Amino acid sequence: MVTSLADVDAPIDDLLVAGGEMTWRAGPLSKGSNLCHGTAGNGYAFLKLFQRTGDQIWLDRARAFAMHALAQSETQAAALGRRRYSLWTGDLGVACYLWDCLQAKARFPTLDVL
């Protein structure tokens with residue numbers, strides 16, 4: 001929800017920040033590293049909050065989630081014996097997230113860019 005609503009021109013910053021805090025407290029997802037209900041997907045909320053607020057804590061949190069997503073991706077690849085090449089449920093989406101964390105930009109695939 002934070003990722004979807006962060007670009008809305010409305011006074012909802014308190015609500016968005018509360019959503020980001022809940023995501024941070026919940027921590028990285030055990031489901032996996034991917035965009036679709038995974039660590040990278042949740043991490044985009046932090047990038048969106050950094051973009052909206054300019055507060056460095058959100059970029060730091062996004063990058064912490066990125067490191068966790070990368071470790072999850074490596075573990076999944078080792079278990080499967082190969083990478084998963086899907087945007088939503090594979091490593092391609094994680095790669096997009098990692099790149100955006102390096103660039104400090106919030107460009108969620110298909111929602112913001114395509």
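What follows is a conversation between a biologist and a modeller about helices H3 and H5 in a predicted model.

Biologist: How do you know that H3 has the span expected of a helix with 15 residues?

Modeller: The expected span is 1.5 Å times one less than the number of residues, and for H3, residues 39-53, this gives 21 Å, to which the 22 Å from its first C-alpha to its last is close. Just after H3, Gly54 takes a positive phi of about 75 degrees.

Biologist: What makes H3 largely enclosed by the rest of the structure?

Modeller: A residue is called buried when its relative accessible area is under 20%, and because 11 of the 15 residues of H3 are buried, the helix is largely enclosed. Among them are Thr39, Gly43, Tyr44, Leu47, Lys48 and Phe50, and what covers the buried residues of H3 includes H1 (2-5), H2 (13-26), H4 (56-80) and H5 (91-103).

Biologist: Why is Lys48, which is found in helix H3, called buried?

Modeller: Its relative accessible area is 1%, and buried means under 20%, so Lys48 is called buried. Leaving aside neighbours within four places in sequence, Lys48 is in contact with Thr3, Ala6, Asp7, Ala106 and Asp112.

Biologist: How do you know that the span of H5 agrees with its number of residues?

Modeller: At 1.5 Å a residue, the 13 residues of H5 should span 18 Å, and since its end C-alpha atoms are 18 Å apart, the two values agree. Just after H5, Ala104 takes a positive phi of about 55 degrees.

Biologist: Which residues of H5 are buried, and what covers them?

Modeller: Asp91, Gly93, Val94, Tyr97, Asp100 and Cys101 are buried in H5, and what covers the buried residues of this helix includes H3 and H4.

Biologist: What makes a set of residues a nonpolar core, and which residues have the most contacts inside the largest one?

Modeller: The residues must be buried, belong to a nonpolar set such as Ala, Leu, Tyr and Cys, and be joined through side-chain atoms within 4.5 Å. The largest such core has 21 residues, and those with the most contacts inside it are Tyr44, Leu47, Ala62, Tyr97 and Cys101. H3, H4 and H5 each supply at least two residues of this core, and its largest share, seven residues, comes from H3.

Biologist: Which residues is Tyr44 in contact with, leaving aside its neighbours within four places in sequence?

Modeller: Tyr44 is in contact with Thr3, Leu35, Cys96, Tyr97, Asp100, Arg107, Phe108 and Pro109. In soluble globular proteins, nonpolar side chains tend to be buried together.

Key. Residues numbered from 1 in each chain as written. Predicted model: local features only at pLDDT ≥ 70, side-chain atom pairs only at ≥ 80, totals over all residues. Heavy atoms only, no water. Helix = DSSP H or I, 4+ residues; strand = E, 2+ residues; numbered from the N terminus. Buried < 20%, exposed > 50% of the residue type's maximum accessible area, 1.4 Å probe, protein only. Contact = heavy atoms within 4.5 Å.
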